[in-house]
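Trainee: Could you take me through a close look at one part of this model, the place where protein and DNA meet? I'd be glad of a connected account.

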There are 2 protein chains.
Amino acid sequence: MSRTIERKDDRRSRRSRKMLADAFVELVGERGLDGFSITDLTELANVNRGTFYGHFSDKEDLLEYCESEFLNGISELEERIAQVPVTELGTEETDSFVHSVFVEIFTFVEEHEALLTALLGPKGDISFEHRIIDTVCTTLIDKILNEQYRINRTPLVDYYVGYYSSAILGVVLMWLNNENRETPEEMATILLGIASLSLGDPIVLS
Amino acid sequence: MSRTIERKDDRRSRRSRKMLADAFVELVGERGLDGFSITDLTELANVNRGTFYGHFSDKEDLLEYCESEFLNGISELEERIAQVPVTELGTEETDSFVHSVFVEIFTFVEEHEALLTALLGPKGDISFEHRIIDTVCTTLIDKILNEQYRINRTPLVDYYVGYYSSAILGVVLMWLNNENRETPEEMATILLGIASLSLGDPIVLS
DNA sequence: CGTGTTAACCAACACTTTGTTGAACAATTA
DNA sequence: TAATTGTTCAACAAAGTGTTGGTTAACACG
């Protein structure tokens, strides 16, 4: 089970895969991962049940297909994140750069709104969240933190990256579930404001 | 479906419920929420399959039973959190108090290790995580933030609490998945150190 | 445009899981 | 002890799963 199935490159095949993936995201968002059957899925997708098994070995395989599509797209984003000079944060110039990276993040997220709302929402897949966190953490440690922290790894450093990764993802999730959603630019400003605060500083809107 | 079943108060009933709940946590941790059948569960629990349906309407009902047990326990913790004087953070006295609250949090988490590792791990239940975040956010807004922020609610305030709630939970999750786990006291020190940092400050071990 | 290829469709299959039932049994409580 | 009641066991229909073989129709390409 869960054997790898080669993805056919045929107009019919692509169409079927898209119908199935779209219906999958819709059903996960509405009913949760195990709130529907393959039969439900193929009916909504207007695709024969047998066709599903021609493309995916089971529901998990389709889930993996949807998730990896997004995770692969992150890699480009990572290169931008990696350019953030963590040791020089706080200066006006660096803040401006971080702001632009935040804009890119929220824009990227907005482009994958349907998938993320479904898979990271209350009926979604927690392993997807873990994979995203892990990816971001690894990027931070490997690319951003300077040599000293990489060699002299203390528990504090590991928890440090986990802390900020979770915090940022948390804000992203709140944003996605917001009705009157702020623009990526507004969110970048808000996030930069929060991240620049120490816990005790007063909250002001910039 | 999912009808409420009254919980019998009988030594046999209590025993069956405990066997089922323990087996449930074990199976969720190993195989994930939909990685096992009711049959698997009752076999591991050494309980007849019919007995399961005498206590719970379905798998979700048992999940809710396990989760609510933990969520109810949080309420006591909340009262301690509510005493944190957010507007006076940074002083030595306040930091000391926050530290003690952090110790309580990590101690409480450690007491529910099995449940949390299973339900918040990569095969767990994302809605449980959402419920915890929501609970913490509500507590922060309602009890900690002072009158000014409660009345003059800006998007920044909402995202602010979401940011810190997710950040702390993220650290807790990293800690739970750690092999050589730090003590609650050590973790309180680490978390306080991270939370007191602005993004640009250098990372040092206190 | 025609033709071989191949994916989609459809019906049928054995199999597993589900949720329910009724009767016999055994543990609990008072 | 006696009545209560949860557990067990066997059986059941219903639904979902993953697979198969044969037919139809869309596709890519020379």
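Mentor: Happily! A phosphate oxygen of DNA strand D lies 2.7 Å from a polar backbone atom of B:Asn48; bear in mind that this is a predicted model. On the chain A side, a polar backbone atom of A:Ile38 is 3.1 Å from a phosphate oxygen of DNA strand D. A:Arg49 reaches a base instead: an N or O atom in its side chain is 2.9 Å from a base oxygen of DNA strand D. The elements giving two or more residues to this surface are helix H1 (11–31), helix H2 (38–44) and helix H3 (49–55) of chain A, along with helix H1 (11–31) and helix H3 (49–55) of chain B.

Now step back to the whole surface near the strand. There are 18 residues around DNA strand D, and those that come nearest are A:Arg49, B:Lys8, B:Ser16, B:Asn48 and B:Thr51. By class, the surface near DNA strand D holds eight charged, seven polar and three nonpolar residues. What do these residues meet on the DNA side? Of the atoms of DNA strand D within 4 Å of the protein, 71% belong to sugar or phosphate, and the rest belong to bases. The contacts above give examples of each kind: B:Asn48 has its backbone by a phosphate oxygen, and A:Ile38 likewise pairs a polar backbone atom with a phosphate oxygen, whereas the side chain of A:Arg49 pairs with a base oxygen.

Notes:
Residues numbered from 1 in each chain as written. Chains lettered and ligands numbered in written order. Predicted model: local features only at pLDDT ≥ 70, side-chain atom pairs only at ≥ 80, totals over all residues. Heavy atoms only, no water. Near = heavy atom within 4 Å. Polar contact = N/O pair within 3.5 Å; in protein donor to acceptor, adjacent residues only side chain to side chain. Helix = DSSP H or I, 4+ residues; strand = E, 2+ residues; numbered from the N terminus. Nonpolar A, V, L, I, M, F, W, Y, C, P; charged D, E, K, R; others polar.
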